[in-house]
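Open the model in your viewer and keep the sequence panel beside it. This tour goes from one selection to the next and says what is found at each stop.

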Amino acid sequence: METEFAAKLKKYRLSSDEYERAKKLLGRDLQGLEWALFSALWSEHCSYKSSKVHLKKFAFSSPRVLQAMGENAGVIDLGEGERLAFKMESHNHPSFIEPYQGAATGVGGILRDIFTMGARPIALANYLCFGDPKAPRMQALVEGVVSGISGYGNCVGVPTITGQTEFDASYNNNILVNAMAVGLFTEGEPIVTSPARGVGNLVVYVGAKTGRDGVHGASMASESFAADSASKRPTVQIGDPFFEKLLIESCLEVIQKDLVVAIQDMGAAGLTSSSFEMSAKGGVGLRMHLDRVPLRDSSVGPEEILLSESQERMLLICEPHNLEPVREVFERWGLDIQVLGEVLPTPEMELLWKNEVVCKINPALLTDHAPMHDRPFEKWQPKKQVSNLSPNGAGDVALPAVLGSPQAMSRRWIYQQYDQRVGGKTVRDCDDSVAVVRLPTTGRGLGIVLGCRPSVMRMDAQVGGYDAAFYPALELSAKGFEPLALTDCLNFGNPERVPIMSEFVASVEALAHASRLLDAPVISGNVSFYNETMGVNITSTPATGMVGLRPDIESLPASHFTQSGDEIVLWRLPGVSYALNASGQISEFSGSLEPEAVALWLKAVRGLVTSNGSQIRASRVVGKYGVGYALARLSTEVLGARVQSTGWANSASANPWHQETLYEVLLVGVPGLLSKVNEVAARHRSTAWKLGSVEAGALTLDNSEHALGNLLKIYRTGWGNHFAQLA
Amino acid sequence: MAQKPVGILRFLGTNCDRDVWQAVETLGLTPRWLWHEDTFHPADYSGFVVPGGFSYGDYLRCGALAAKAPAVQSLSEAAKKGQPILGICNGFQILCESGLLPGVLVRNEGRRFIDKWVKLKLRSSNAWTQSASVGRELNLPIAHGEGRFFLEADGIDRLFENNQVWCTYSDNPNGSLKDIAGISSPTGNVCGLMPHPERAVTTWMGSEDGRVILSNLLV
């Protein structure tokens, strides 16, 4: 019956075009469990059907890349036996519905992507975008997300060492919660991938029991929100960090003992996506007895078993003679294992329920033949570009007002709830602009920093896309790290709307171009579309996570003034100029970026910071609210500065201290620093100025003197001990 | 003769075990794992550390399940023999739950997990503080959600009278009674401490003050 058919399409979130496509592939109508399989694997979340065409633009590599897109996480070679796996992923929709569990399971999921490959997780980072602090529910959302991350990350024993938190009304009904995890392989530790291999090998289920939580989660995350998001609460998963900790230890043990052939975690679309991907990638089939899956509740049926997104579960393939040693390891860590079936020679998934075959299908039809959409978009045109910034425009804000604003004030209230030191490798924590981890066997420094500034994205999606790579690269370079590679989490609104898709294409192309110029490939990532609620789309937010390497941690520049009398130098490569207003918006910008010039200049910055003779003691990238804000952040309880705006300021601007130029950096060092910077600066069409010197007691910008204690107090205590103080 | 190894206890959910291992090695000593399900011979070790973490997920009271483990029976024997035992963070909670130390650690006053550097004062000497260090101020990190020490009023007075309060916060971060950060057994060989000395043993970690405590393992 037509109406029944239409209802079924709606239930499984398949379009009639998609149904026809599936029908054509199968040569018949869909039957039984196939509905659920196509629904899950052809969802936007699993198939990347709206983005795949453009994600190919990231397809460039470097000799460092050992594993890129297509696996659980990307892996790069750091040399000297050390390798790094990392990835970033979104958990936006679940976090808006149920903030604590949504954020917690976001952390759990990204960690599994890392240790599944055999890497020990060593760091976590979070990119969070919230709405206006005064918006309805926002206080509960912020509190919930932060405690979810804290509750999960602290218990599994992986330090959360950096993050970015934004507030803007465009996220009022659709917050962003992106989590990044970094894992380390030391000398001799194998990298494990997911393709199933070896006919007759066993398919083994490990970890938590399967329940109804998260059924249809993947397709839920592939839809815009209506007003009734609370009704979707049952599709949110529940996390158990203690179980995850046991899984980390036991999985790493079986991997290091070389007892397994392949492992895949059960993430979005649970058992379905893990088993179908393992099978399709390996070019073999898998027989799985669904009734052998350990259940939380005996009434859970085969379709729910296939779609459940219960957390802390893994699927692994092992040779039959290794089953007992594998079982021994997991049991020692208090976990049960269950053999579900075996690897078959022909590439066919054979699903059984009480010894009866309930589904037999070529997995590639679902994993490789998903529809691909080349959604309509328009060629990018800069929108708010002017020849000169308006003299009385934005930027005319006083330093204390800036420091106390939700956009700029300290995030200490958030990160004090995260364990930043467990693991004993943390050199620089969330207090710093770049998190630094000491690599244990070589003593080298690993820098981790997040990127993407929503205010710049709102200004211009192309500039914002470049900035999502260049800004973190500059932060790394200013501390002497060589940028190595990127992960991204592309958060956008509804791709079926041309303006959104145009922003997606413009920013992805810019990001891809920037990463090529930096020789820092995008090795892993995630796309989150349909961040749209009741017709309102979020600010397009291509969040990034970048890692960099430096040979030592001893001469790492500080991020604050260390010595009175030091010279303060501003080094600028002129490009785009603008100023944020007090609420974090940009009304216009002038100039344009020259991406090639930026990439070369970044190298020069790193070269100078790491050269022996430069004697740079501190550095800070000039970002939001310009040089004035950067100087305030460099100041301590005792050391400030006396600086002048003559010479370097854009005369048209009302307040030069809060205007920004892409790109500029403050370097602080032994007197005579300017001449050292100048030796390099001229070669890069860049200019450097001495702003003044470090001085005890106050921060004096031209003639306005600010008491240090007061500035710090405003910056740090804006939301006191509680987010409610801000809201 | 080489010094006997330092035993590091591991429970399901312990997560500062590798950090303690690294710190013990940094001091030039040999660490050994002690698995929760196994008993051991105390005499084979020079001392013991019960690291922090979330043993058994802290789903019952913190440390309550770990306190029943076979390895803790052996640890009690070591305690009776006067061997040095240090419980850090969740390890402190386990020592309290197992009765090796008095009192209990409850949820922080602000009800949130706190990670920060704190100033501490060493107040009395024991197996983990030399008398020369008494009065010293230390800079160590804390990272806990349940670190507020609690004991009935007369019990607290007795702890002070017996010099069992060996470490206090200069600026109380969690509402702990009488600013208590660490206590010891009456004999001074069993000590509990909420801050993490193993996270402060080299300059790049931000402080070397953890050595003042952990270097007492060197005999």
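Are α7(A) and α10(A) roughly parallel or roughly antiparallel to each other? The model is predicted, and the first stop answers this.

**Stop 1: two helices of chain A**

Select residues 99-115 of chain A, which form helix α7. Then add α10, residues 241-256 of chain A. The two helices pack at an angle of about 5°, and their axes are 10 Å apart. α7(A) and α10(A) are therefore roughly parallel to each other, as an angle under 35 degrees counts as roughly parallel. Two packed helices are described in general by the angle between their axes and the distance between the axes.

Now show the side chains where these helices touch. On α7(A), pick Gly108(A), Leu111(A) and Phe115(A). On α10(A), pick Pro241(A), Glu244(A), Ile248(A), Cys251(A) and Leu252(A). Sorted by class, the residues of this contact are 6 nonpolar, 1 polar and 1 charged.

Stay with α10(A) and hide α7(A). How far apart are the end C-alpha atoms of α10(A)? They are 22 Å apart, and this agrees with the 22 Å that 16 residues should span at 1.5 Å a residue. Of these 16 residues, 13 are buried, so α10(A) is largely enclosed by the rest of the structure. After the helix comes Asp258(A), whose phi is positive, near 60°.

**Stop 2: where chain A meets chain B**

Color the two chains separately. The contact takes 22 residues from chain A and 23 residues from chain B. On chain A, α8 (138-156) and α10 (241-256) each supply at least two residues of the side that touches chain B. That side of chain A has 8 nonpolar, 10 polar and 4 charged residues.

**Stop 3: chain B**

Select chain B alone. How many helices and strands are there in chain B? There are 5 helices and 11 strands. The radius of gyration of chain B is 16 Å, close to the 17 Å that the globule rule gives for 219 residues, so chain B is as compact as a globular protein of that length. Its C-alpha trace spans about 45 × 35 × 35 Å along the principal axes. Of the 219 residues, 54% count as buried. Among contacts in chain B with a separation of 6 or more, 75% are between residues 24 or more positions apart.

**Stop 4: a covered helix in chain A**

Go back to chain A and select helix α3, residues 34-41. Of its 8 residues, 6 are buried, and the helix is mostly covered. The buried residues are Ala36(A), Leu37(A), Phe38(A), Ser39(A), Ala40(A) and Leu41(A).

**Stop 5: two residues in strands**

Select Gly285(A), in strand β9 (residues 285-289) of chain A. Gly285(A) is buried, with 24 other C-beta atoms within 10 Å. Now add Met349(A): it is 64 residues away along the chain, yet the two C-alpha atoms are separated by 5.2 Å. Beyond four places in sequence, the residues that Gly285(A) touches include Ser279(A), Leu344(A), Pro345(A) and Met349(A).

Next select Ala485(A), in strand β18 (residues 482-491) of chain A. Is Ala485(A) buried or exposed? Ala485(A) counts as buried, with 26 C-beta neighbours inside 10 Å. Its contacts beyond four places in sequence include Arg64(A), Gly74(A), Ile76(A) and Val547(A). For a distance in the other direction, add Asp17(A): Ala485(A) and Asp17(A) are 468 residues apart in sequence and 38 Å apart in space, C-alpha to C-alpha.

**Stop 6: backbone details**

Most residues other than glycine have a negative phi, and most peptide bonds are trans. The last selections depart from this.

- Tyr625(A) is not a glycine but has a positive phi of about 60°. Find it in the loop between β25 (616-621) and α21 (626-634) of chain A. Tyr625(A) is buried, with 28 other C-beta atoms within 10 Å.
- Asp702(A) also has a positive phi, near 50°. Its place is the loop between β29 (698-701) and β30 (704-707) of chain A. Asp702(A) is partly exposed, with 14 other C-beta atoms within 10 Å.
- Leu662(A) and Tyr663(A) are joined by a cis peptide bond, with omega about 10°. Tyr663(A) lies in strand β27 (residues 659-669) of chain A.

Note on methods. Residues are numbered from 1 along each chain as its sequence is written. Chains are lettered from A and ligands numbered from 1 in the order in which they are written. This is a predicted model: local features need pLDDT of at least 70, side-chain atom pairs count only at pLDDT 80 or more; totals for chains, interfaces and linings use all residues. Two residues are in contact if their C-beta atoms, placed from the backbone, lie within 7 Å. Helices (H or I, at least four residues) and strands (E, at least two) are DSSP runs, numbered from the N terminus. Ala, Val, Leu, Ile, Met, Phe, Trp, Tyr, Cys and Pro count as nonpolar, Asp, Glu, Lys and Arg as charged, and the others, Gly among them, as polar. The expected span of a helix is 1.5 Å times one less than its number of residues. A residue is buried if 20 or more other C-beta atoms lie within 10 Å of its own, exposed if 12 or fewer, and partly exposed in between; C-beta atoms are placed from the backbone. Axes are lines fitted to C-alpha atoms, for helices over the stretch in contact, and angles run from 0 to 180 degrees between N-to-C directions. Angles under 35 degrees count as roughly parallel, over 145 as roughly antiparallel, 65 to 115 as roughly perpendicular and the rest as oblique. The radius of gyration is taken over C-alpha atoms; the globule rule is 2.2 Å times the number of residues to the power 0.38.
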